[in-house]
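I opened this entry to work through the fold, the cores and one helix. My notes follow in the order I looked things up.

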Amino acid sequence: AVQADMSKEEGCGIILKDLIQNKIASYDDVESVRLQIFPPSCQGKVIAAVEALDDDGLAAKLNPRDATETISIVQVYKHKGKSSDTSTDALVMSGVSKSIIDYSVQRESPKNGQEAISRAYYKIKEAVSRYESERADFSMESYRDCIAIDCGSAPGGWTKYLAQDAKMKIVHSVDPGDLDPAIELDNTVNHMRMKIQDAIPQLKSQIQRDEDKIK
């Protein structure tokens, strides 16, 4: 980690120098990359800094649709502030990892009803896949037939993953908004059209009933 201000050109330079020297230098065959930046308000500054590098800096193309690697740059907060704030005394962590999920399929025409509903579906799928690949003692298979809660679920990307990929027994999908019709009709999904604070009392009793059914 380095101490830098991601909202400034100088800060982005410090971050990229650390990334290139300490992370990418030991990584073989980085051909194309996509960036994951937090906070999102700094994305433009970081991308501009990457694009300004010469070939000796980052010998890889920015290609979010067909990337071989993912570069993550995240500010770790050390102050009491909103999540969109930046700080000159913040620690910034960066890293590079193989892209596990093929994001190019997001732009293809849906086939056999397997459309992803939202990009959130790909995000959780990639997160779980990467965690499984790096932790031999973890497998989503062990959570099969469990009960899951998806808060702020509309239009249903995470709910789809939990119900159809992770094979949860029941998914309580909490959001006042509409779910994609394909997910709304899934008999493993309980769509609760309300905010999570209103859903908690109902969830307490509902989950108990769910557990009794599973037993």
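I read the element order along the sequence first: β-α-β-α-β-β-β-α-β-α-β-α-β-α. That gives 6 helices and 8 strands. I kept in mind that this is a predicted model.

Next I checked the overall burial. Of the 215 residues in the protein, 37% are buried. The exposed area comes to about 13000 Å², and carbon and sulfur atoms supply 49% of it. I then took the contacts between residues at least 6 apart in sequence and found that 59% of them join residues at least 24 apart.

I turned to the nonpolar cores. The largest has 18 residues. Within this core, Met6, Ile15, Ile37, Val46, Ile71 and Ile73 touch the most other members. I asked which elements each supply at least two residues of this core. They are helix H1 (9-22), strand S2 (32-38), helix H2 (43-51), strand S4 (69-76) and strand S5 (91-98). H1 gives the largest share, 4 residues. I also noted a second, separate core of 16 residues, with Met140, Ala148, Tyr161 and Leu179 among them.

Last, I looked at helix H3, residues 119-134. I tested its length: at 1.5 Å a residue, its 16 residues should span 22 Å. The end C-alpha atoms of H3 are 23 Å apart, which agrees. I listed its buried residues as Tyr121, Tyr122, Ile124, Glu126, Val128 and Arg130. I noted that Glu126 and Arg130 are on that buried list. What covers the buried residues of H3? The cover includes S2, S4, S5 and helix H4 (157-165).

Methods. Residues are numbered from 1 along each chain as its sequence is written. This is a predicted model: local features need pLDDT of at least 70, side-chain atom pairs count only at pLDDT 80 or more; totals for chains, interfaces and linings use all residues. Side-chain values use heavy atoms; hydrogens and water are left out. A nonpolar core is a set of buried Ala, Val, Leu, Ile, Met, Phe, Trp, Tyr and Cys residues joined through side-chain atoms within 4.5 Å. Buried means under 20% relative accessible area, exposed over 50%, partly exposed in between (1.4 Å probe, protein chains only). The expected span of a helix is 1.5 Å times one less than its number of residues. Contact means heavy atoms within 4.5 Å. Accessible areas come from the Shrake-Rupley method with a 1.4 Å probe; for residues, only the protein chains shown count as cover.
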